[in-house]
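The exercises below are meant for a reader who is meeting this structure for the first time. Each one sets a task and then works through a solution step by step.

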Amino acid sequence: AQDGIRDSVASRGLGDVYKRQIMLSVHNDGMGVAGIYHFEIAEQKAYDTAEEAHQNQYPLKVTIEEIA
């Protein structure tokens with residue numbers, strides 16, 4: 001995609017505007033929030049995303065954080 005974020009099933013249904021906001025946040029602030037989920041779901045999404053990034057040689061660091 002033009003914005004540098006691949007459009008595929010793996011983009012998990014995020015809209016183009018939201019994907020662009022995440023990309024700009026990462027570029028400008030060094031990190032971006034891609035979603036808020038229950039812990040177990042967040043773990044699986046983080047794992048899947050990190051695996052896909054690794055397989056495609058994308059320099060992506062994925063973390064999950066607990067919110068209060």
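**Exercise 1. Find the residues that make the nonpolar surface patch, and place I36 in the chain.**

Solution. The model is a predicted one, and the search begins at its surface, where M31, V33, I36 and I67 make a nonpolar patch of about 440 Å². The next step is to locate I36, which sits in the loop that runs between α1 (16-29) and α2 (39-55). The last step is to classify this residue: I36 counts as exposed because its relative accessibility is 66%, and the cut-off for exposed is over 50%.

**Exercise 2. Describe the protein chain as a whole, starting with how many helices and strands it has.**

Solution. Counting the elements gives two helices and zero strands. Turning to burial, one finds that buried residues are 10% of the 68 residues in the protein chain. The exposed area of the protein chain is about 5,800 Å², and 55% of it is supplied by carbon and sulfur atoms. For the contacts, consider those with a separation of 6 or more: 28% of them in the protein chain join residues that are 24 or more positions apart.

**Exercise 3. Work out whether the lengths of α1 and α2 agree with the expected rise of 1.5 Å a residue.**

Solution. Begin with α1, whose 14 residues should span 20 Å at 1.5 Å a residue; its end C-alpha atoms lie 19 Å apart, which agrees. Then repeat the step for α2, where 17 residues should span 24 Å, and where the end C-alpha atoms are 24 Å apart, so that this helix agrees as well.

**Exercise 4. Identify the buried residues of α2 and say how they are arranged around the helix.**

Solution. The buried residues of α2 are A42, A46 and A53. Looking down the axis of α2, one sees that these buried residues fall within an arc of 35 degrees, and therefore they line one face of the helix. The other side of α2 carries the exposed residues E40, Y47 and Q55.

**Exercise 5. Find the salt bridge and describe where its partners lie.**

Solution. The count comes to one salt bridge, and it is formed by the side chains of K19 and D16, with a distance of 3.4 Å from N to O. Both K19 and D16 belong to helix α1, where they are three residues apart, about one turn of the helix. An α-helix has 3.6 residues a turn, so residues three or four places apart point the same way. As for accessibility, K19 has a relative accessible area of 3% and is therefore buried, since buried means under 20%.

**Exercise 6. Examine the residues that follow the helices, and say which of them take a positive phi.**

Solution. Just after α1, G30 takes a positive phi of about 85 degrees. Just after α2, Q57 takes a positive phi of about 55 degrees, although Q57 is not a glycine. Most residues other than glycine have a negative phi. Q57 lies in the segment after α2, and its relative accessible area of 71% is why it is classed as exposed.

**Exercise 7. Trace what V26 touches, and how far apart the C-alpha atoms of H38 and E66 are.**

Solution. V26 is found in helix α1, and with a relative accessible area of 40% it is partly exposed. Once its neighbours within four places in sequence are left aside, V26 is in contact with M31 and G32. H38, for its part, belongs to the loop between α1 and α2, and is exposed with a relative accessible area of 63%. The C-alpha atoms of H38 and E66 are separated by 9.4 Å, while the two residues are 28 residues apart along the chain.

Technical notes
Residues are numbered from 1 along each chain as its sequence is written. This is a predicted model: local features need pLDDT of at least 70, side-chain atom pairs count only at pLDDT 80 or more; totals for chains, interfaces and linings use all residues. Side-chain values use heavy atoms; hydrogens and water are left out. Patches are made of residues with over 30% relative accessible area and no salt bridge: like charges are joined within 9 Å, nonpolar side chains (Val, Leu, Ile, Met, Phe, Trp, Tyr) within 5 Å. Accessible areas come from the Shrake-Rupley method with a 1.4 Å probe; for residues, only the protein chains shown count as cover. A salt bridge is a side-chain nitrogen of Lys or Arg within 4 Å of a carboxyl oxygen of Asp or Glu. Helices (H or I, at least four residues) and strands (E, at least two) are DSSP runs, numbered from the N terminus. Buried means under 20% relative accessible area, exposed over 50%, partly exposed in between (1.4 Å probe, protein chains only). Contact means heavy atoms within 4.5 Å. The expected span of a helix is 1.5 Å times one less than its number of residues. The arc is that of the directions from the helix axis to the C-beta atoms.
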